[in-house]
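Got your viewer ready? Load the model, keep the selection panel handy, and follow along stop by stop.

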Amino acid sequence: MRRNISIKYSLDWTVVGIYLFLVVFGWLNIYGASYDFDQSSIFDFNNRAGKQFVWVLTAFGLAGVILLLDSRLYNYFAYVFYALVILLLIATIFLATDVKGSRSWLVFGPVSFQPAELAKTATALALARFMGAYNFRIKGWKDLIPLGIIVFIPFILIVLQKETGSALVFLAFTLMFYREGMNGIVLLLGVLAVILFVLSIGFSEVVIQENSGTLGMVLAMFVILIIQYVYAFFFSNHKREASWLLLGVIAIAGISYLLNIWLPIDYDYVAIGTVFASAVYWLVVSRLKHFKGYAAIFWISLCSILFCYSADYLFENVLEPHQQKRIKVLLNMEQDLRGAGYNVNQSKIAIGSGGLFGKGYLNGTQTKLKYVPEQDTDFIFCTVGEEWGFVGSSVLILIYMWLLLRILQIANRQNNTFNRVYGYCVASVFFFHLMINIGMVIGLMPVIGIPLPFLSYGGSSLWSFTLMLFILLRLDAARKM
Amino acid sequence: MSNDKLQNRGTVIAIIMVVLIFIYILRLFSLQILEDKYKKGAASNAFLNKTIFPPRGLIYDRNDTLLVYNKPAYDIVFINREIQNLDTNSFCNDLNISKSDFDERMKEVKNRDKNPSYSSLTPQIFMTQLEIQDVAAIQQSMYKYSGFYIQTRTLREYRYTAGGHVLGSIGEVTPSILEKDDYYNPGDYTGRDGLEYTYEKDLRGEKGMEILLRDARGRIKGKYENGAKDVAPKAGTDLRTTIDIKLQILGEKLLAGKVGSAVAIEPNTGEILAMVSNPTFDPSILVGRQRSANYYKLINDPLKPLYNRSTQATYSPGSTFKSFQALVGLELGGITPSTKFLCSGRGSSPIRCSHSHGSSITLLNAIEQSCNPYFWHTFRQTVEKTGYGHKNENFKKSYDAWRDLTMDFGFGHRFDDTDIYQQSAGNIPSSEFFSKMYGETGWRALTIRSLSIGQGEITVTPLQLANATAVVANKGYYITPHLNKSDSMLTHRHELPIDKEYFDIVDEGMWRVNEFGTARRYKIPGIVVCGKTGTVENNRGKDHAFFIGYAPRENPKIAIAVVVENAGFGSTWAAPIASFMMEQYLLKSISREAEVEEYSKRVTNPNAKKY
């Protein structure tokens, strides 16, 4: 009895309140999204709102159970839980039935369940357990290897289930790694990779001149040169060396442009050659000045060249055709409004037509008339956008932000590494879901089918997010007890 | 703890989150507030604006006999984006067309050169103007062909086969009409000629609009806001024409087998009672899907059945012109009511007389006997009244006065203030024309002597001739001839500056023509008729037969002009038509039925058929 009373006082009720709001708001919008002109009750178990009602009630039950259990259980059983989930993921590959090309759903009679959702929580617990070990600290690359393996195993298993979107969620853990000491350069390199990829793919079909290279490659190389120059000029204060380099680059550009009048030159190779030459130049400078930073610049430049050079190949051979299309649509390389671009175009129409205050609950024409596919699951946000308008949808996003900041606050106030790491995992995963899901719906991200936490229809995701959040709340509550 | 060093990294993560979230909110702001195209996209997605076509106005004759009404017709339309898994074979079977017809039509619709407003999102016409039996088969299986719809509208139906030229027809709008008038959408119908064209804006009414909700698969999900935003169609206004359909039918019957026309006008109102032109066509053949095939046939007939001879054909009026010439000569002082001229019959110079009568001859007799020399002298004295003068100036001035007064009868120009579709101006040549032809001083009365007997460069339309006859019947004015009975044109009164007593003389002369002269064989029992025949040589075979006349002599109710091309004497070919038509109109029946039957069977041109 004493423990129950103390939970009541030590629980973070703010988060619980936000959680309740999001779940109920999601349920109402699922009713809105699946609402037809032949309306049925929100409690009709034949439609999705009715089913979601069951999921919501069971999720509340789950939350209650989590809060009742001893908080030490999660630390203690973290590896066991992780191992069980891994086994489940392996089993799923073989047992799952094919649902729209994905083999990630286990079906038990009327209920189906996606183990990949559980894997996020399990991995977060396993990482927290590993990093919470008495003597563990991220000091260099070597320390990241076991962490990488913990993340990679579920990641690859989920990829094998053809759920690339869910697998990508595991990238979110890098945010937590950064917090725990991973070199920030990794995040920056990630951003650089995205920029180079967007440039070299996005402009790969823009030709500067007949048979003389693509704008994409030249732009990408230009970005690398700028990085080299800015690093040397502003951060390392080698202004003379940087100026010489600038002069050389301008000379090469000028000569190749003039030369092009007589014999056609592939600008791609000129750009790559220039960047390579300047990378070597910095390597030499680094030896002469005994300045290690430039060696890093050399390696980054070299890797970037290789990355850009192979980006096309990776894009065409590693990505599935539908994934290529989604990226092309995002980068405006293809319209295809009836095919790959249909979802995003329709969701933008639905959201855009909402205006400032929206059309009102249950009054959205686009959602009612089923223009947006998956509008109660991955595209639930466009129902919000259409019916609640700019005011409603941005308030919803701000509420998510509140939740995220609150979770970070909780994580920061933990006095043991296990709890803190787990808290950052929760924040990172939620943030990743939020960015990818809403980004996809408003056309800032490629279409990656992952749910919006607490709003999207579906028991697996609601359970898994509830599980994730309430374990954190339980851990936090224990801190005060 | 070492973690404290990393504490600020938590802040960095929080900042990254906040910044990205605000970027997303900015994006939402631009999507939802700044950009308009998504709202439009939503409207074109979800709203199907279904046009409701109003019933077109009906057309009645002057006695409120219904002439033109509507019958339902069906269009097959499609929205390309909504077509899914179309079973082309069964679709073509149901519509009774071939697969290649289907492909060709689809190609045609999607060709933006031919169909500039093509869009895969809006309804496009696949087949148009189908009758109920054509769509019966497909109507039942329409649900199978998503993206295809049946659209109901109306086609014209005619109670009589007469009056094609007057009534006109409706057809699909042309690209040029679409450009000028944004009321129309591609595939809409519009009046293309005749009254249907002139009164298009009244007859068409106003289209209505039904706003339906359409789901992503193109299924209709009911009315938007329960029809609160719908617009009801406004029916077209009915039109009452001045035509007497019985008179029109009789006219067409009489002209059968001949090429020519007859125009009848009520003199004191300017209302056109009948406007007959042969060869002609049944207006109902230009309705529906047969329209283009029949139109093609009509346009290719060398006798031009689509050509409305009553208003478009121009002829030299010949002797019928003498009635008007007498008035012009009297008014301008070329002659007086008592002027006599000598006539040497066939030996007359410079113009021979084709009739034998005594000499010298008075005006009354000259009209009765259609004496050419008398009217040559009249013309000569009119235009030479003040001599030729320096550089022909006086002569030209006199000629211009003659021309102006002649044109006051309605000759040489179109009636601008009327609803008659497609008129020719005809020609009363100007002095500039002759000066150009012969030199300023190179032409004299003698040069243009043919004008005196309505030949030479003078050309008139049958409508103008009938109108000028109405001037004589009215003794000095005409009301612009027109076809809309509801629109009183009495303010469009054109007074001629001719002394009324002169009209009495011409009236007397024209009475004599019918009593004792060239038209005496076709008297109407109980009605006193005034008239004038004409027989005009031309370079295409037999003479054109002319007759103008009005009746009854006191307070005339009908003025008429008849032209029968290449038939022979006006007295034998044109006069009877006028006589029968006047009887029909004045007595509402025909006493000489045998004669009518006999006459209508006469053929001058075996190719002149009615389509």
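How many residues does the contact take from chain A, and how many from chain B? Select 38 residues from chain A and 31 residues from chain B, and you have the contact; two residues count as touching if their C-beta atoms, placed from the backbone, lie within 7 Å.

Before moving on, some housekeeping. This is a predicted model, in which local features need pLDDT of at least 70 and side-chain atom pairs count only at pLDDT 80 or more, while totals for chains, interfaces and linings use all residues. Residues are numbered from 1 along each chain as its sequence is written, and chains are lettered from A and ligands numbered from 1 in the order in which they are written.

**Stop 1: the chain A side of the contact**

Pick out helix 9 (173–179), helix 16 (342–352), helix 17 (365–368), helix 18 (380–412) and helix 19 (417–441) of chain A: each gives at least two residues to the side that touches chain B. (Helices are DSSP runs of H or I with at least four residues, strands are runs of E with at least two, and both are numbered from the N terminus.) Helix 18 of chain A provides the largest share of that side, 11 residues. Colour the chain A side by residue class and you get 20 nonpolar, 13 polar and five charged. Here Ala, Val, Leu, Ile, Met, Phe, Trp, Tyr, Cys and Pro are nonpolar, Asp, Glu, Lys and Arg are charged, and the others, Gly among them, are polar.

**Stop 2: a helix pair in chain A**

Now show helix 11 (residues 215–235) and helix 14 (residues 293–317) of chain A. Their axes come within 11 Å and cross at roughly 170°. (Axes are lines fitted to C-alpha atoms, for helices over the stretch in contact, and angles between N-to-C directions run from 0 to 180 degrees.) That makes helix 11 of chain A roughly antiparallel to helix 14 of chain A, the label for angles over 145 degrees, with under 35 being roughly parallel, 65 to 115 roughly perpendicular and the rest oblique. Turn on side chains for Met217(A), Ala220(A), Ile224(A), Gln228(A) and Tyr231(A) of helix 11, plus Ile297(A), Ser301(A), Ser304(A) and Cys308(A) of helix 14, to see who makes the contact. By class, the residues of this contact are six nonpolar, three polar and no charged.

**Stop 3: a sheet in chain B**

Hop over to chain B, with its 22 helices and 19 strands. Of its 611 residues, 44% count as buried, meaning that 20 or more other C-beta atoms lie within 10 Å of a residue's own (12 or fewer is exposed, in between is partly exposed, and C-beta atoms are placed from the backbone).

In what order do the five strands of the open sheet in chain B run? Follow them as 12-11-19-18-17, with antiparallel pairing; strands pair if DSSP finds at least two bridges between them. At the edges sit strand 12 (271–278) and strand 17 (530–536) of chain B, each paired on one side only. Neighbouring strands of the sheet are turned by 5° against each other on average, direction ignored.

Zoom in on strand 18 (residues 544–551) and strand 19 (residues 558–564) of chain B, which run antiparallel and are joined by seven bridges. Phe546(B) has Val563(B) in strand 19 as its bridge partner.

Two helices pack on this sheet. Helix 10 (residues 245–255) of chain B touches strand 11 (260–266) and strand 12, and its direction makes about 25° with that of strand 12. Helix 21 (residues 575–587) of chain B touches strand 11, strand 12, strand 17, strand 18 and strand 19, and its direction makes about 150° with that of strand 19.

**Stop 4: backbone oddities in chain B**

- Asn278(B) and Pro279(B) are joined by a cis peptide bond, omega about 0°; Pro279(B) lies in the loop between strand 12 and helix 11 (291–300) of chain B.
- Ser349(B) to Pro350(B) is also a cis peptide bond, with omega near 5°; look for Pro350(B) in the loop between strand 13 (340–341) and strand 14 (361–362) of chain B.
- Lys475(B), not a glycine, has a positive phi of about 55°, and counts as partly exposed, with 18 C-beta neighbours inside 10 Å.
- Asn566(B), not a glycine, has a positive phi of about 50°, in the loop between strand 19 and helix 20 (570–573) of chain B.

**Last stop: colour by confidence**

Switch to pLDDT, the predictor's confidence in each residue, from 0 to 100. Chain A has a mean of 86, with 95% of its residues at 70 or more. Within chain A, helix 1 (residues 2–10) is lowest at a mean of 66, and helix 19 is highest at 94. Where pLDDT is low, the predicted coordinates should not be read in detail. Chain B averages 88, with 98% of the residues scoring at least 70. The model scores ipTM 0.91 and pTM 0.65.
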